[in-house]
Each structure stands twice: as C-alpha cells, then as structure tokens.
Amino acid sequence: MHVIIGLGNPGAEYQRTRHNIGFHVVDALAHRWDIRLSRRSFLSLVGDGAWQGEKVLLAQPQTYMNRSGEAAIKIRDFYHLALSNFVVVHDDLDLLAGRVRIKRGGGGAGGNRGIASLIEAFGSKDFVRVKVGIGRPPGRQDPADFVLQPFTRQEEASILAAVDRAADAVETLLSQGLEKAMAAFNVPTETSV
C-alpha cells in the first residue's frame, strides 16, 4: 500500500493559503484516481482505492500543520507500514513559486513545522517528500504570516501548474521509482517563476 499525505490546515479560512498546497495535490490525485476523500479516520480526511493495480490511501491530516505527525503515525501503526510506503506532499519556502522537487531523507524540516512533526513522530527523516515551491516572503514579512496568506493572482497560474506537476511527480514515484522521478522532476521548468 502507498500512503500519500498532503500537508495543510483544515477549515475554509485556510483552504486557499500557501500552506495548504499539499491538500490541493491530494485533491488532484483523488480526482485523477476517482477516490473520494470522505472518511474521517486517523485524525485525517482519507480516501482509499487503487492506482495501476496498487492499493493507495490519500490523507489530509486534520490536526493542523504543526501536528501532522500525530495523524501519520496512526496510519503507519494501523497498517504496519514502513516509511518507504509514504509520500508526503508539502509547501516549501526555499523553492521558487511553482517549482517541484522530490527528496528522500536527509536535511531537516527547513522550517516547515509539519515536516518537523512527521520527523519527530516517525523518529526518522527517511521518507519521500514532494515539495512544492511557494517562494520566500517579500521584504521582511514574517514567513509564518506569508504561508497563511492566499496566493496572489500573479502566482495562481504557476501554482495551479505546480499542483498538476506535483501530482504527476507522485504518479511517477509510484510507477517508476524514486531515482527516475527525481531525474524527471528535480529540474527547473517553464512554469517556475
């Protein structure tokens, strides 16, 4: 089974914010794979189904970003999964808006408290991440405020393309493996700004 966890915050007030890009990618995958995210379980909104003959579970933790690990650990423990079964999709301030990058393990949370929560809960950094760039805040704006704001009109086109590209990256990860997915997606694209 593959578990794809999109990080974000629950509630209408956060729906269009930069920090919720992981939720948007999971929504895109649910649409592509005809999976309904309608069940509340594991402190998450989940939907399960199959893609290319493999069982998949899509999850959007409802714990708020900073406690995402609490939801992920419930999924891991219930299904007795290894970290290699997980793909985590999240926003990244250090990538240009619209850029997608795949990473496994290494490094830290990069200031993303959702990733920090997952590392703490799993007791390891060794899980695959699909990072979607949202860019740095302008001027001296606090990054915590920046991630909780909606995308500007100028950003929307590149972000919508990045959501599709991140969904493509997840599909490539599942069908062709980490190395081929990284080779295909860890390069700049025309949609990056």
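**Notes on the sheet and its helices**

1. A good place to start is one rung of the sheet: Ile102 has Val130 in S7 as its bridge partner. Elements here are DSSP runs numbered from the N terminus, with helices (H or I) of at least four residues and strands (E) of at least two. Before going on, note that this is a predicted model, where local features need pLDDT of at least 70, side-chain atom pairs count only at pLDDT 80 or more, and totals for chains, interfaces and linings use all residues. Residues are numbered from 1 along each chain as its sequence is written, and side-chain values use heavy atoms, with hydrogens and water left out.

2. S6 and strand S7 (residues 128–133) run antiparallel and are joined by 5 bridges. Two strands pair when DSSP finds at least two bridges between them. The whole sheet is open, has 7 strands with mixed pairing, and follows the order S2-S3-S4-S1-S5-S7-S6. Strand S2 (39–41) and strand S6 (100–104) are at the edges with a single partner strand each, so one side of each has no neighbour in the sheet. From one strand to the next, the twist averages 30°.

3. Which strands does H1 lie across? Helix H1 (residues 21–33) covers strand S1 (2–6), strand S3 (44–51), strand S4 (54–61), strand S5 (86–92) and S7, and runs at about 145° to S4. H2 lies across S1, S3, S4 and S5, at about 155° to S4. Contact means heavy atoms within 4.5 Å. Axes are lines fitted to C-alpha atoms (for helices, over the stretch in contact), and angles between N-to-C directions run from 0 to 180 degrees.

4. Helix H2 (residues 68–79) packs on helix H3 (residues 113–122) at about 40°, with axes 7 Å apart. That makes H2 and H3 oblique, because angles under 35 degrees count as roughly parallel, over 145 as roughly antiparallel, 65 to 115 as roughly perpendicular and the rest as oblique. H2 passes H3 in a right-handed crossing; a crossing is left-handed if the near helix is turned anticlockwise from the far one by less than a right angle, and right-handed if clockwise. On the H2 side, the residues include Ile73 and Arg76; on the H3 side, they include Leu118 and Phe122. This contact has 5 nonpolar, 4 polar and 2 charged residues. Nonpolar covers Ala, Val, Leu, Ile, Met, Phe, Trp, Tyr, Cys and Pro, charged covers Asp, Glu, Lys and Arg, and the others, Gly among them, are polar.

5. H1 also meets H5: their axes come within 9 Å and cross at roughly 65°, and the crossing is right-handed. Among the residues involved are Val25, Leu29 and Trp33 of H1, with Ile159, Val163 and Leu174 of H5. By class, the contact of H1 with H5 has 11 nonpolar, 1 polar and 4 charged residues.

6. How far apart are the end C-alpha atoms of H5? They are 35 Å apart, which agrees with the 34 Å expected for the 24 residues of helix H5 (residues 153–176), taking 1.5 Å times one less than the number of residues. Just after H5, Gly177 has a positive phi of about 95°.

7. Helix H6 (residues 178–185) packs on H5 at about 150°, with axes 7 Å apart, so H5 and H6 are roughly antiparallel.
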